[in-house]
Amino acid sequence: MRFQNAAKDGRAIVYAAIQADPLVARAAGLLAGAGYPERLLARAAMNGETLDPEAWRTMFPTLFGPDSDDATRARAEAVLAVSLDVAGRGEEARSQFRGAIVEALTERLLARRVPATAIHRERRILFDGVATEIHPYDVTVEIPGAAEAYDCKWGARGIGPDVLHQLDDARRHAADEGERLVAVLVVFDAVRTCQTRLARQTAPRQGLRMVTLETFDRMAGTKGAAS
Amino acid sequence: MAASVDALLLRVVVSLGALADTAAPVDDEWQYVADLVTVWGAALRAAAGARAGQEAPPGAGAAIDRLVAEAASIVDPHRAIDWLSTLPQVALLAAGEGPR
C-alpha cells in the first residue's frame, strides 16, 4: 500500500484555490473549538436563506439567549459571522466552501491525535495489481501499520454507492496486503440522517466507520456530545 | 403564557412536510425525502410526547417561529432536502433537547 499525490486536473486547481482561502481556515479553526450546538448553527446558517444575524440568534436561544454565558456567546458569534460569510458567497461558491471547511475541520481535529506530518490531503492510495481509484481521498493519515483514509461530506445526501465502494475497496485491498487501513466517512450532518441514507444503500459498508455532526471530536481522540 | 414544548415541536412536523413538498421536484431523491420526513417526524413526535404540557424554555417559542419562517422561505428543492435534516435538529435544540 502506497500513498501518492493526486494529479491536478482543472477541477482540482479551482478547488485548491477554495481550500487555500483564509475563510476556510478561519471557519475550520472556530469549528474545531466548538461543540455540537455551534456546529449545528454553522450547518444551518451556511445553507440557510437569511443573512440576517439577528434571525439566527433568535433561532439558537441556547447559544444567544439570556442564559448563555459570555464565553459561549462569543464563540457562537464568531461561528455565526464566519458562517454568514460563507453563505454570502453565492450558491455555487458556498457549496465548495462548505466541502472545503469539512475537510479542513477533519484535518485540524486529526492533528490533535496524530502528528501533523502524518496528515495529508487529496491523496490516492495505490495497491499492487489494482487499478487506481479516480477520486483521491480528502484526508489521509499515513502512519505505517495505522493508516486512515477519510472521505468528507457536507451532508448525508453525499453518501452514495461510489463513496461506499471506494472506502470498502481501500480497506479490503489493504487487508489483502496485510496492512491495516481504517476507512472513515465524515459527514457534517446528523447521525439519524446518515443512518437513514445508509439504510437504502446496498453497497458494502462492513468495517466502515462514520463520524457525524454529533461525534466530530472522536477524530481528535475525545468523545463527542452524543458519544 | 409560554407555549408548551409539544405544541412547538408539532408545528415543526408540519413545517417538515412543507419542506418535503418543496423538495419534490428532485425525482431521484423522493425515497430519501420520504424517509427523512418519516424518521425526523417520529423523532419530533417522540420528543413532543415525552414533554407534553411542559412549558417551553426561554426563547424557544420565538426560535421556532423564526425557524419555521426560515424553512418556509426556502424555494430551492436541493436546499430543502438539506433542511429536512437541519430543521428538526435546530428545533430540538431550541426546545432543550440534546442531539437525536
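The lining of the second largest cavity in this predicted model divides into 5 nonpolar, 2 polar and 3 charged residues. The volume of this second largest cavity is about 40 Å³. Its walls are formed by A:Leu164, A:Leu167, A:Asp168, A:Arg171, A:Ala183, A:Pro204, A:Arg205, A:Gln206, A:Gly207 and A:Leu208. Helix 8 of chain A provides the largest share of this lining, namely 4 residues.

In total, 3 cavities of 30 Å³ or more were found by the rule applied. The largest cavity has a volume of about 70 Å³. Among the residues lining the largest cavity are A:Ile125, A:Leu126, A:Phe127, A:Val130 and A:Ala131, together with A:Gln166, A:Asp169, A:Ala170 and A:His173. The lining of the largest cavity also includes A:Thr132, A:Glu133 and A:Tyr137. Strand 2 (119-126) and helix 8 of chain A each contribute at least two residues to this lining, and helix 8 of chain A gives the most, with 4 residues. By class, 7 residues of the lining of the largest cavity are nonpolar, 3 are polar and 2 are charged.

Open space was examined as well. The volume of the largest pocket comes to about 1100 Å³. A total of 34 residues line the largest pocket, and those lying nearest its centre are A:Ser95, A:Cys152, A:Lys153, A:Trp154 and A:Gly158. Both chains take part in the lining of the largest pocket: helix 1 (10-19), helix 7 (91-110), strand 4 (147-153) and helix 8 (161-176) of chain A, as well as helix 4 of chain B, each supply at least two residues. The largest share, 6 residues, comes from helix 7 of chain A. In the lining of the largest pocket, 15 residues are charged, 10 are polar and 9 are nonpolar.

The interface between the two chains was then considered. Contacts link 33 residues of chain B with 32 residues of chain A. Between them, chain B and chain A bury about 2900 Å², of which 55% lies on carbon and sulfur atoms. The rule identifies 6 salt bridges across this interface. In one salt bridge, the side chains of A:Arg157 and B:Glu29 meet at 3.1 Å, N to O. Polar contacts across the interface of chain B and chain A amount to 20 residue pairs, with both residues at pLDDT 80 or more. On the side of chain B that touches chain A, helix 2 (30-50), helix 3 (60-72) and helix 4 (77-94) of chain B each supply at least two residues. Helix 4 of chain B accounts for the largest share of that side, 11 residues. The residues of chain B that touch chain A comprise 19 nonpolar, 7 polar and 7 charged residues. Helix 4 of chain B thus appears in two settings, supplying residues both to the side that touches chain A and to the lining of the largest pocket.

A local arrangement within chain B concerns B:Ser4. This residue is located in the segment before helix 1 (5-23) of chain B. The side chain of B:Ser4 is joined to that of B:Asp6 by a polar contact of 2.7 Å. When residues up to four places away in sequence are not counted, B:Ser4 touches B:Gly53, B:Gln54, B:Glu55 and B:Ala56.

Notes:
Residues are numbered from 1 along each chain as its sequence is written. Chains are lettered from A and ligands numbered from 1 in the order in which they are written. Side-chain values use heavy atoms; hydrogens and water are left out. Contact means heavy atoms within 4.5 Å. Buried area is the accessible area (1.4 Å probe) that two parts lose on being put together, summed over both. A salt bridge is a side-chain nitrogen of Lys or Arg within 4 Å of a carboxyl oxygen of Asp or Glu. A polar contact is a pair of N or O atoms within 3.5 Å; within protein, one must be able to donate a hydrogen and the other to accept it, and residues adjacent in sequence count only if both atoms are side-chain atoms. Ala, Val, Leu, Ile, Met, Phe, Trp, Tyr, Cys and Pro count as nonpolar, Asp, Glu, Lys and Arg as charged, and the others, Gly among them, as polar. On a 1 Å grid over the protein atoms alone, a cavity is a set of points where a 1.4 Å probe fits but cannot get out, and a pocket is an open set with protein on both sides within 12 Å along at least five of seven lines; lining residues have an atom within 4 Å of a point. Grid points are joined across faces, edges and corners, and a volume is the space filled by probe spheres set on the points.
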